[in-house]
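Subject: Handover of a protein structure

Dear colleague,

Please find below the structure that I am passing on to you. A summary of the findings comes after it.

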Amino acid sequence: MSTRKPLFGIGISTAVGRAADSLGHAVEADRAGLDLVTASDHPYFGDRLDAYALMGVVLGRTTGVTGLVSVTNLPSRPAPMLARTVTSLSALSGGRIVLGMGAGGLWDDIARLGVGRLTPGAAIRAFEEAITLVRALSGGGEPVTFDGEFYQVTALRPAPVPAAPVWTGSVGPKSLAVTGKLADGWLPGHAADWLSERYRTSRPVIDEAAVAAGRDPRDVATVYNLPGAITSTPLAATRDADGKWVGGSVGQWVEELTGAVLEHDAAGFVYFPVREPLTDVALGAWANEIVPAVREAVR
């Protein structure tokens, strides 16, 4: 049985045309006592808001929720500047930031930004260096000199702000191993959940790497991006033919998430609809009905 206090959040749209809705949903999530507001990072699309600009405004308009860019498009954001961005947001918000990290996946799009392509192996090595360097540039202390394969800084003074927790969106085995070695949390890719084959084959890689690094595997929390419909009446089946969660009534969501926490050690859930933007009705059902019931059930 899990002893974690699970986290609950929402994913907001980064569409430029939905900026007002996204900010309104973030404020409502804060008022409802949710833990997280997340946004994706696709800087190569002109009709999307810059994720860190959006997160800065979200944190400025809220008082309780933690912000997460899920996950940072690392190749387009050099690690030393990413460190400054995250420590600045932490200082401005009272520590309400988690650093989501990804090695980069859509390289055809990333290359359109003028960023040089990396091989898969090099991207993972850069990913590991970036986590190490961002942490080194946090928490104060002596100036940092770092001479890595991808990043080099000389006598750069760390920000006097504690390092933010690092959650990754790792998918491949080498990236998963870095997660086990260095990260504080993992967001399974492709919205995989606790019953998925992806989770069953990926989580052991994280755990083995954590043990090899002298860590407790439970120090790497699993937080799920969980799309699905919230229906007014129960569904005959809450999972499709492939076993993927599709949603259900409030009661069905509560039962499923409670089991995920108590039986599978799930550390948190970020809700977003499947094929349509988040609505006030769906947000209200999630924040005011499902989340309180699950919190009470696992208390």
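The paragraphs below move from the overall fold to the interior, the second largest pocket and a few individual residues.

Please note that this is a predicted model. The protein contains nine helices and 13 strands. Its radius of gyration is 19 Å, close to the 19 Å that the globule rule gives for 299 residues, so the protein is as compact as a globular protein of that length. The C-alpha trace spans about 60 × 40 × 35 Å along the principal axes. Of the 299 residues, 50% are buried. Among contacts with a separation of 6 or more, 69% are between residues 24 or more positions apart.

Turning to the interior, the largest nonpolar core comprises 72 residues. Those with the most contacts inside this core are I10, L34, L99, M101, L257, F269 and W286. Helix 9 supplies the largest share of the core, namely eight residues. To take one of these well-connected residues, I10 touches, beyond residues up to four places away in sequence, H25, A29, L34, L36, V37, T38, V270, Y271, L278, L283 and W286. Another core lies apart from the largest one and has nine residues, including L36, L68, W167 and A221.

The second largest pocket has a volume of about 200 Å³. It is lined by 15 residues, and those closest to its centre are A229, I230, Y271, E276 and A282. Strand 11 (229–231) and helix 9 (280–298) are the elements that give two or more residues to this lining. By type, the lining residues divide into nine nonpolar, four polar and two charged.

Two residues may serve to contrast different settings. T179 belongs to helix 6, which covers residues 173–182. With a relative accessible area of 0%, T179 is buried, because this value is under 20%. Leaving aside neighbours within four places in sequence, T179 is in contact with T168, S170, G185, W186, I206, R215 and V220. L113, on the other hand, is found in the loop between helix 4 (107–111) and helix 5 (120–136). Its relative accessibility is 38%, so L113 counts as partly exposed. Beyond neighbours within four places in sequence, L113 is in contact with P43, Y44 and S76. The C-alpha atoms of L113 and F45 are separated by 9.9 Å, although these residues are 68 apart along the chain.

Finally, some points of backbone geometry deserve your attention. Most residues other than glycine have a negative phi, and most peptide bonds are trans. Where does the model contain a cis peptide bond? Such a bond joins S70 and V71, with omega at about -5°. V71 is in the loop between strand 3 (66–69) and strand 4 (72–73).

Positive phi values near 60° occur at H190 and at D265, each a residue other than glycine. H190 is located in the loop between strand 9 (185–186) and helix 7 (197–212), and at 59% relative accessibility H190 counts as exposed. D265 is placed in the loop between helix 8 (250–264) and strand 13 (268–272). With a relative accessible area of 22%, D265 is partly exposed.

With kind regards

Notes:
Residues are numbered from 1 along each chain as its sequence is written. This is a predicted model: local features need pLDDT of at least 70, side-chain atom pairs count only at pLDDT 80 or more; totals for chains, interfaces and linings use all residues. Side-chain values use heavy atoms; hydrogens and water are left out. On a 1 Å grid over the protein atoms alone, a cavity is a set of points where a 1.4 Å probe fits but cannot get out, and a pocket is an open set with protein on both sides within 12 Å along at least five of seven lines; lining residues have an atom within 4 Å of a point. Grid points are joined across faces, edges and corners, and a volume is the space filled by probe spheres set on the points. Helices (H or I, at least four residues) and strands (E, at least two) are DSSP runs, numbered from the N terminus. Ala, Val, Leu, Ile, Met, Phe, Trp, Tyr, Cys and Pro count as nonpolar, Asp, Glu, Lys and Arg as charged, and the others, Gly among them, as polar. A nonpolar core is a set of buried Ala, Val, Leu, Ile, Met, Phe, Trp, Tyr and Cys residues joined through side-chain atoms within 4.5 Å. Buried means under 20% relative accessible area, exposed over 50%, partly exposed in between (1.4 Å probe, protein chains only). Contact means heavy atoms within 4.5 Å. The radius of gyration is taken over C-alpha atoms; the globule rule is 2.2 Å times the number of residues to the power 0.38.
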